[in-house]
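Please look over the chain shown here. The briefing below takes up strand pairing, a disulfide, a nonpolar core and one loop residue.

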Amino acid sequence: EVTLSVETDERATCRYSTKQSKDFYSMIDTFDATDSTVHEELLTNVRDGNAYIYYVKCLDVAGNRNFLDYKVQFEVAR
């Protein structure tokens, strides 16, 4: 298991995907903590020795969002 985590400077809802997306709303997976500045999601589908890339987009309470994906890349040790 791995915890995917991002922090925002304002309260926001963040979504993530294994594929890049042009739009916040097209990302299916939402972090467990919403309307917060700390966003974490427990990923259980990871395997030892594999590398992963996730893309994140966030939308704050004022409706502002990042248009470019925030890339999170990691490798699970064996």
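Strands E1 and E4 pair in the antiparallel sense, over six bridges. This is a predicted model. E4 also pairs with E5, again antiparallel and over six bridges. One disulfide is present in the structure.

**Strand pairing**

- E1 spans residues 2-17, E4 spans 51-60 and E5 spans 70-75.
- Between E1 and E4, Ser-17 stands opposite Tyr-55 of E4.
- Between E4 and E5, Ala-51 stands opposite Glu-75 of E5.
- E4 is mostly covered, with eight of its ten residues buried.
- In a regular strand, side chains alternate between the two faces of the sheet.

**Disulfide**

- Cys-14 and Cys-58 are joined by a disulfide, with an S to S distance of 2.0 Å.
- The pair links distant parts of the chain: Cys-14 lies in strand E1 and Cys-58 in strand E4, 44 residues apart.
- The torsion about the S-S bond of Cys-14 and Cys-58 is about 110°, so this disulfide is right-handed.
- Cys-14 counts as buried because its relative accessibility is 0%.
- Cys-58 also counts as buried, at 13% relative accessibility, because the cut-off for buried is under 20%.

**Nonpolar core**

- The largest nonpolar core has 16 residues, and Val-56 and Phe-74 touch the most other members.
- Strands E1, E4 and E5 each supply at least two residues of this core.
- E1 gives the largest share, six residues.
- Leaving out residues up to four places away in sequence, Phe-74 touches Val-2, Leu-43, Val-46, Asn-50, Ala-51, Tyr-52 and Tyr-54.
- One of these contacts, Ala-51, is the residue that stands opposite Glu-75 in E5.
- In soluble globular proteins, nonpolar side chains tend to be buried together.

**Asp-32**

- Asp-32 is found in the loop between strand E2 (29-30) and strand E3 (36-43).
- Is Asp-32 buried or exposed? Asp-32 counts as exposed, because its relative accessibility is 63% and the cut-off for exposed is over 50%.
- Apart from neighbours within four places in sequence, Asp-32 is in contact with Glu-40 and Glu-41.
- Asp-32 and the disulfide residue Cys-58 are 26 residues apart along the chain, and their C-alpha atoms are separated by 13 Å.

Terms used
Residues numbered from 1 in each chain as written. Predicted model: local features only at pLDDT ≥ 70, side-chain atom pairs only at ≥ 80, totals over all residues. Heavy atoms only, no water. Core = buried A, V, L, I, M, F, W, Y, C linked by side-chain atoms within 4.5 Å. Buried < 20%, exposed > 50% of the residue type's maximum accessible area, 1.4 Å probe, protein only. Helix = DSSP H or I, 4+ residues; strand = E, 2+ residues; numbered from the N terminus. Contact = heavy atoms within 4.5 Å. Pairing = 2+ DSSP bridges. Disulfide = S-S within 2.5 Å.
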